Amino acid sequence: MPAVPPTNAVPPPVVPPPTNAFADLLLGQAGREPGRRLLWGPDGTTWTYGDLDATSARLAHALAARDVRPGDRISVQLPKSAGLLALHVACARVGAVWCPLNTAYTDREVDDLVADADPVLVVRERPVRGVTTVALAALQAEAESLSPAYDDVPRSAGDPAVMLYTSGTTGRPKGAVLSAGNLCFGARNLATAWGFSRDDVVLHVLPLHHAHGLFVAVHVTLAAGGALRFHEAFEPGRVLADLPACTVFMGVPTHYTRLLSHPGLDRTAAERVRLFTCGSAPLLAATHEAFRERTGAAILERYGMTETHMIASNPLHGQRRPGTVGPPLPGVQVRIVAGPAGDSASDGSPGAAGVAVHDRGVADDSSSGATAPGAGEPGGIEVSGPNVFGGYWRRPELQATEFTPDGWFVTGDVGRFDADGYLEIVGRAKDLVISGGLNVYPKEVEQALDALPGVLESAVVGVADPDFGEAVVAAVVAEPGAGLDPEELRRLLRADLAGFKIPKRVYVVEALPRNTMGKVRKDVLRDQLA
Ligand code: AMP
């Protein structure tokens, strides 16, 4: 008798084909609409998504031929170009870890970071001792005759995809390793929050070795199938010339102050731009207001870190509040831990001093029996969510100091929520000044100084003082043509601030020391003023 198949046979499970979600994020539009415009390069190159697909496939074959394997690191130090973008995508397709280095780094700095990253390949003009180094042009020549089709190496969400060295205003740089899952979640979350579509054209003036220029500007645009207009660096005249052809501009605060000092900035220049975003450093409320007055556009300020992708953002629709970075993004949890430095990690109990947990901007302090810091009370900012990285490269000892025992990342920033769940960044915990045993938040003093007539901007630091432990000291920059008298500034501050917050000394300086992302180098300033 022929065998009768059982009627209740369970069909074999359907196993989805293995995928590489990060490569899919970057190249999704190539599958849907290969002819769609993707890029205007700084050298005049124009690329479609199909061009990126084919070029990155060829480079992926070239990397594979050089024995680059999934999980291997590739360090790159290259100027911004279409070729650099294709190499980034090729790295994702072979499943290697992309480790971009600041183009400003010297050979010695590159030697140190390459020794730390331990890559199988360095792509750079000048060789690095002890590691295989190839120039981008040479790699492109190897790739030229290879196939324009490539089967992406499957990767899972937890696999490392990018390692960025934190901008390191203090201490030895740390490699923050972000997984494919971190990057995909972060990019999609922002694309949705900021209403990105394939019709967007982003004016890209940021460096590609930093989270802002890479994770935010490039990944979000590619995830939405939009287009990028690359400028090699920020130049106000060129930005104003290209703005009418763009729908989104992403900048750091210095970009906005420089645009404001250009006579060409007006309503017509900004007319087609649906969204101006700002981050990486605090945007002065005065800059926000001046920009709105000149262009009619309200800059959307947001807050993120290399280690956490984006954390909070002012809304696309709804009120954008100057001086705040908006509510936490969907799916991202933010809590404020009482105590000046947010030092919960040191005693291992984040709830000990009281925790306010804000998830999706909704306040919920029920997780702690203690009193949560209310609106107006600053504390350490801690973050959790699919956006948060897993740890630093080969620095297991930092796991215990940079994460709480329940797995939240300690940002090192101090902030507070207002009554509506908008987050305000007060400063870095390590910048807090403790003078005569009293806490002084530099931002509060800076805001009071900035509001005085003739002051363009200011920075406040603590310097060692025999009497007070630390003394509050300020550096101020005058508005063009204004003369400032330090004693007069101290006298005027008395109307706004308690005596212990008044800087013991005020110095009038030409400019504040800043890094390339516009962050004030308080460590440098402290040394200068000490
Ligand atoms: P990075 O890892 O280089 O992106 O630097 C992240 C740090 O930049 C944060 O921890 C904050 O201290 C600072 N930062 C980023 N965005 C803002 C913002 N909108 N306002 C104030 N500080 C910011």
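**Entry 1: second largest cavity**

I started with the lining of the second largest cavity and sorted it by class: six nonpolar residues, one polar and no charged. Before going on, a reminder to myself that this is a predicted model. The names on that lining are Leu84, Leu85, His88, Trp98, Leu208, Leu214 and Val218. Under the class rule I use, His goes with the polar group, so His88 has to be the one polar entry on this list.

Which helices supply at least two residues each to this lining? I looked, and they are helix H3, residues 82–94, and helix H7, residues 211–224. H3 gives the largest share, three residues. For the volume of this second largest cavity I got about 40 Å³.

**Entry 2: the other cavities**

How many cavities of 30 Å³ or more are there? My count came to three. The largest has a volume of about 60 Å³.

I then pulled the lining of that largest cavity and found Asn20, Phe22, Ala92, Gly95, Ala96, Arg155, Asp159, Pro160, Ala161 and Ala180. By class I have six nonpolar, two polar and two charged residues here. The charged pair must be Arg155 and Asp159, because Arg and Asp both count as charged. I put Asn20 and Gly95 down as the polar two, since Gly is counted with the polar residues.

**Entry 3: the ligand shell**

Next I turned to the ligand. I find 15 residues around it, and the closest are Glu301, Arg302, Thr306, Asp413 and Lys519. Sorted by class, the shell splits into five nonpolar, five polar and five charged.

Which element gives the largest share of the shell? It is strand S13, residues 300–305, with five residues.

**Entry 4: polar contacts of the ligand**

I went through some N and O pairs next. Arg302 uses its backbone: a polar atom there sits 2.8 Å from a ligand nitrogen. For His210 I noted a polar side-chain atom 2.9 Å from an oxygen of the ligand. Arg428 also comes in through its side chain, where an N or O atom is 3.2 Å from a ligand oxygen. My cut-off for a polar contact is 3.5 Å, so I kept the Arg428 pair on the list.

Last check of the day was how much of the ligand is covered. On its own the ligand has 500 Å² of accessible area, and the protein covers 91% of that.

Terms used. Residues numbered from 1 in each chain as written. Predicted model: local features only at pLDDT ≥ 70, side-chain atom pairs only at ≥ 80, totals over all residues. Heavy atoms only, no water. Near = heavy atom within 4 Å. Polar contact = N/O pair within 3.5 Å; in protein donor to acceptor, adjacent residues only side chain to side chain. Areas by Shrake-Rupley, 256 points an atom, 1.4 Å probe, with all protein chains shown as cover. Helix = DSSP H or I, 4+ residues; strand = E, 2+ residues; numbered from the N terminus. 1 Å grid on protein atoms, 1.4 Å probe; cavity = no way out; pocket = protein on both sides within 12 Å on 5 of 7 lines; lining within 4 Å. Points joined across faces, edges and corners; volume = space filled by probe spheres on them.
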